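Please read this briefing with the sequence and the structure side by side. The points are grouped by topic so that each can be followed on the model.

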Amino acid sequence: MKIYQHVDELNDRDGIGNDILGFQILFEKLNLPNAILTRTNNSKNESEIFLTSKPPKIQSDSIHILHYGGAGYPIDYFQNIPGKKILRFHNMTPSYFFKDFLDEDIFKTFERNEIKSNLELYSLYRCLSWVLSDSVFNELDFLRLVGESNKTKMQVLPVIRNYPLITSQSQPNFRIGFIGRWVPNKRIEDLLFTIYFLRKINPLYTLVLIGKKNSVFGMYNEYLYTLVQELELSNNIEFQENLTDEEVKRQLSKLDIYLSMSEHEGFGIPILEVMASGIPVLAYSSTAILETVRDAGILFNEKNFPYLAELIHKIVTSTNLKSKIVQKQNQRVKFYNEFPFQEKILEIIHS
């Protein structure tokens with residue numbers, strides 16, 4: 001028996017890439033032969049990797065896990081290879097988030113890809129033994145797409161990753177951070193509006209945006225840069241692009257608060273990374289963020305920027321309040337660190 005992980009593009013540092021590596025490490029601990037099949041390999045991973053253009057010979061007792069975050073992987077190939085089929089569903093950002101920041105023709109392409117993805121999922125589930133979603137939100141979204149009549153076995157399995165607990169600095173640096181791509185569903189503009197009001201409380205406040213631009217969303221990038229100028233925030237914003245893991249850790253060590261205004265997340269790896277770093281998390285309660293954070297950080301349902309600025313300042317300047325939040329977050333991180341991945345995986349592959 002050999003286990004193959006399938007993915008459209010293999011990248012080292014995105015959510016799907018993290019999950020693939022987590023599966024790989026787990027399979028190796030269990031002495032399970034495994035490999036990766038991808039259409040495009042952008043990874044430095046030195047394990048056994050095959051391109052779909054030159055696939056290996058597949059045995060009938062193989063197990064196949066397709067990591068799905070949208071159309072791209074050759075679905076016909078996946079459906080027709082011999083062996084047990086498992087879908088790892090990572091969710092897809094709805095195209096309506098992008099409408100205001102794309103040319104009409106490009107937006108129509110996004111819409112067509114969204115429709116294609118929905119059709120692929122509907123056709124796929126008939127050949128699946130399991131659907132493994134990395135959050136309850138994703139599982140419900142999958143059922144919404146394929147219908148409640150789906151009889152495939154379902155399991156919520158968080159992204160397979162460990163989050164080592166770290167003690168953060170105690171003295172305030174007045175630095176607010178966010179990690180993620182600078183795309184419309186992340187609502188970077190709402191972070192700018194919040195720092196605008198924070199600066200009125202204390203001019204030292206700085207917003208640190210850790211991530212990278214996406215060339216497709218040039219209009220959105222221009223919108224953000226224009227807002228920075230209009231709100232006179234040039235001295236209060238740091239765009240930290242394409243950082244290494246070590247550079248990200250250094251930036252996290254100087255943060256006082258992590259603030260998420262995102263309106264669509266399928267899981268929330270950065271939130272757990274930040275929690276593990278001892279940084280209080282404030283997040284807009286949307287999609288999978290609600291279940292990732294729960295009662296550990298501070299969730300809010302309304303984007304009242306002046307109020308949020310006052311709340312952030314109170315946490316930043318209160319060591320006792322910050323300590324209480326971090327203690328709750330540590331408990332939440334331990335839940336994910338102690339999740340019984342090994343037992344769940346053995347149950348799934350042997351059922």
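**Helix contacts, sheets and loops**

Helix α3 (residues 104-124) and helix α4 (residues 136-146) pack at an angle of about 90°, and their axes lie 9 Å apart. That angle makes α3 roughly perpendicular to α4. The model is predicted, and the points below take up the helix pairs, then the two sheets, and lastly some individual residues.

**Helix pairs**

- The packing of α3 on α4 brings Asn-118, Leu-121 and Tyr-122 of α3 together with Phe-142, Leu-145 and Val-146 of α4, and by class this contact consists of 5 nonpolar residues and 1 polar residue, with no charged residues.
- Helix α1 (residues 15-29) packs with helix α12 (residues 341-350) at an angle of about 80°, the two axes being 11 Å apart, and this angle makes α1 roughly perpendicular to α12.
- On the α1 side the contact is made by Phe-23, Leu-26 and Phe-27, and on the α12 side by Phe-341, Gln-342 and Ile-345; sorted by class, the contact of α1 with α12 has 5 nonpolar residues, 1 polar residue and no charged residues.

**The sheet of 7 strands**

- An open sheet of 7 strands follows the order β3-β2-β1-β4-β5-β6-β7, and its pairing is parallel.
- Strands β3 (49-51) and β7 (153-156) form the edges, each of them pairing on one side only, and from one strand to the next the twist averages 25°.
- Helix α1 packs on this sheet, where it touches β1 (3-10), β2, β4 (63-68), β5 (84-89) and β6 (130-133), and the direction of α1 makes about 160° with that of β1.
- Helix α3 lies across β4 and β5, and runs at about 155° to β4.
- Strand β2 (residues 34-41) pairs with β3 in the parallel sense over 3 bridges, and Leu-37 has Phe-50 in β3 as its bridge partner.

**The sheet of 6 strands and helix α7**

- A second grouping of strands is an open sheet of 6 strands, with parallel pairing and the order β10-β9-β8-β11-β12-β13.
- Its edge strands are β10 and β13 (298-300), each of which pairs on one side only, and the twist from one strand to the next averages 20°.
- Strands β9 and β10 run parallel and are joined by 5 bridges, and the bridge partner of Gly-211 in β10 is Glu-241.
- In helix α7 (residues 245-252), the residues Val-248, Gln-251 and Leu-252 are buried; because they cover an arc of only 100° around the axis, they are on the same side of α7.
- An α-helix has 3.6 residues a turn, so residues three or four places apart point the same way.
- The buried residues of α7 pack against three strands of this sheet by name, β8 (175-179), β9 (206-211) and β10 (237-241), and also against helix α8 (269-276).

**Individual residues in loops**

- Thr-52 is placed in the loop between β3 and β4, and with a relative accessibility of 18% Thr-52 counts as buried, because the cut-off for buried is under 20%.
- Leaving aside residues up to four places away in sequence, Thr-52 touches Leu-37, Thr-38, Arg-39, Tyr-73 and Pro-74; Leu-37 among them is the residue whose bridge partner in β3 is Phe-50.
- The C-alpha atoms of Thr-52 and Thr-40 are separated by 8.3 Å, and these two residues are 12 residues apart along the chain.
- Most residues other than glycine have a negative phi.
- Phe-174, a residue other than glycine, has a positive phi near 60°; Phe-174 is found in the loop between β7 and β8 and is buried, with a relative accessible area of 14%.
- Asn-242 likewise is not a glycine and has a positive phi, of about 55°; Asn-242 lies in the loop between β10 and α7 and is exposed, since its relative accessible area of 54% is over the 50% cut-off.

Methods:
Residues numbered from 1 in each chain as written. Predicted model: local features only at pLDDT ≥ 70, side-chain atom pairs only at ≥ 80, totals over all residues. Heavy atoms only, no water. Buried < 20%, exposed > 50% of the residue type's maximum accessible area, 1.4 Å probe, protein only. Helix = DSSP H or I, 4+ residues; strand = E, 2+ residues; numbered from the N terminus. Arc of directions from axis to C-beta. Contact = heavy atoms within 4.5 Å. Axes fitted to C-alpha atoms, helices over the stretch in contact; angles between N-to-C directions. Parallel < 35°, antiparallel > 145°, perpendicular 65-115°, else oblique. Nonpolar A, V, L, I, M, F, W, Y, C, P; charged D, E, K, R; others polar. Pairing = 2+ DSSP bridges.
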